[in-house]
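Trainee: Please take one part of this model and look at it closely. Give me the cut-offs as you go.

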Amino acid sequence: MNVLVVGGAGYIGSHTAKQLSRAGHTVTVLDNLSTGHEWAVKWGLLERVDLANQQQIERVLEAHNIEAVIHFAGSAYVGESMQKPAHYFNNNVTNSLNLLEAMHITGVRNIVFSSSCTTYGIPTQVPIAEDAPQNPISPYGESKFMVEKMLHWFHECHGIKWVALRYFNASGADPEGEIGEQHDPETHLIPLVIGAALGKRPPIQVFGTDYPTPNGTAIRDYIHVNDLASVHIKALEYLFNDGTPAAFNLGTGMGHSVLEVIKMVEKVSGKKVPHVLSNRRAGDPAILISNPNAAKTSLQWKPIFASLEIIVKTALEREYQSQESVLVN
Ligand code: WQD
């Protein structure tokens, strides 16, 4: 299949491009490289295009005879979205609208969209299933929720088929060490803890020690980036087998606290993680854990890197490999 990976130079997009290519699909990456990395585009041609430019999107869809789109592109910092809501609505909503309209005009009928557990806001119960109320508490979460609604209407009005994948906490790295997580600025827990362990970043701040959890620190459902990548391929198969448009939660169904993550990094790296106990970060729910059963059943998907130890190991190995390549170069 000819697949357009929008945002394929980014963290989850590049891991998915690799798996798509391994599975025999022809990958084209559309990315403006605003946050993605050119070095991460190794499994398909790069079309350096901004989603603000609908005509360019149409050109790419036609030039590569695209049959399906996987849409990862967007801004993804909850905190930043509180400072710059217009940027989030523009980049995540307006630009996704351009993509959908370009698909409609060029007759591309299938899309898999990166949505988010942040569309649920503060959950009323955990684990969270897909029918839980969606009440986002940030412009980021709202922007993803708005795109889900647009998908619904583009299906109703134009017959575009969709799957929305609501990610929990993406983490880990390519077990072959070719690609990994590299955000600027980095705000995610696991790379920051690894950086602290290796002395490359300051001591990690533990945001909140008074949550209603066994050790007082917040709990998240960390899912390996390769397991996220594989489910996108399953979602494409689902669409091409006439699956009904639907949203699926993507997590492991298991939760780990911030202190457990720190302990795991200490175990895997053999190094102490310097950390300071600190106040809660605004807007952080105490516990976010998915119920991933719908994805497992409907998409016939199974996470295979589903332990925190493997997640931390692959992230750490990638960190060591990129250090080596810096030394060699
Ligand atoms: C994890 C935990 C922090 C940094 C992210 C994305 C969001 C969504 C889910 C898809 C929290 C704590 C963190 C630090 C800490 N994914 N922490 N010290 O906020 O759960 O959400 O994944 O859309 O887009 O932002 O991830 O890695 O920032 O935090 O104590 O220095 O670690 O408070 O409990 P988060 P995170």
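Mentor: Start with one bridge: V6 is partnered by L30 in β2. The model is predicted, so local features need pLDDT of at least 70 and side-chain atom pairs count only at pLDDT 80 or more, while totals for chains, interfaces and linings use all residues. Numbering runs from 1 along each chain as its sequence is written, and side-chain values use heavy atoms, with hydrogens and water left out.

That bridge belongs to a longer pairing. Strands β1 (residues 2-6) and β2 (residues 26-31) run parallel and share five bridges. Strands (E, at least two residues) and helices (H or I, at least four) are DSSP runs numbered from the N terminus. Two strands pair if DSSP finds at least two bridges between them.

Now widen the view. Seven strands form an open sheet with parallel pairing, in the order β3-β2-β1-β4-β5-β6-β11. Its edges are β3 (45-48) and β11 (246-250), each paired on one side only. Neighbouring strands are turned by 20 degrees against each other on average, direction ignored. Axes are lines fitted to C-alpha atoms (for helices, over the stretch in contact), and angles run from 0 to 180 degrees between N-to-C directions.

A helix crosses this end of the sheet's order. Helix α2 (residues 54-63) lies across β1, β2, β3 and β4 (68-71). Its direction is at about 170 degrees to β2. Contact means heavy atoms within 4.5 Å.

Next, look at one helix residue. V147 sits in α5 (residues 139-158). V147 is buried, with a relative accessible area of 2%. Buried means under 20%, exposed over 50%, partly exposed in between (1.4 Å probe, protein chains only). Leaving aside residues up to four places away in sequence, V147 touches N92, V93, S96 and F113. D242 is 95 residues from V147 in sequence, and 22 Å away C-alpha to C-alpha.

Another helix shows how cover can extend along a segment. In α6 (residues 189-197), eight of nine residues are buried. Among them are L189, I190, P191 and V193. After α6 comes G199, with a positive phi near 75 degrees.
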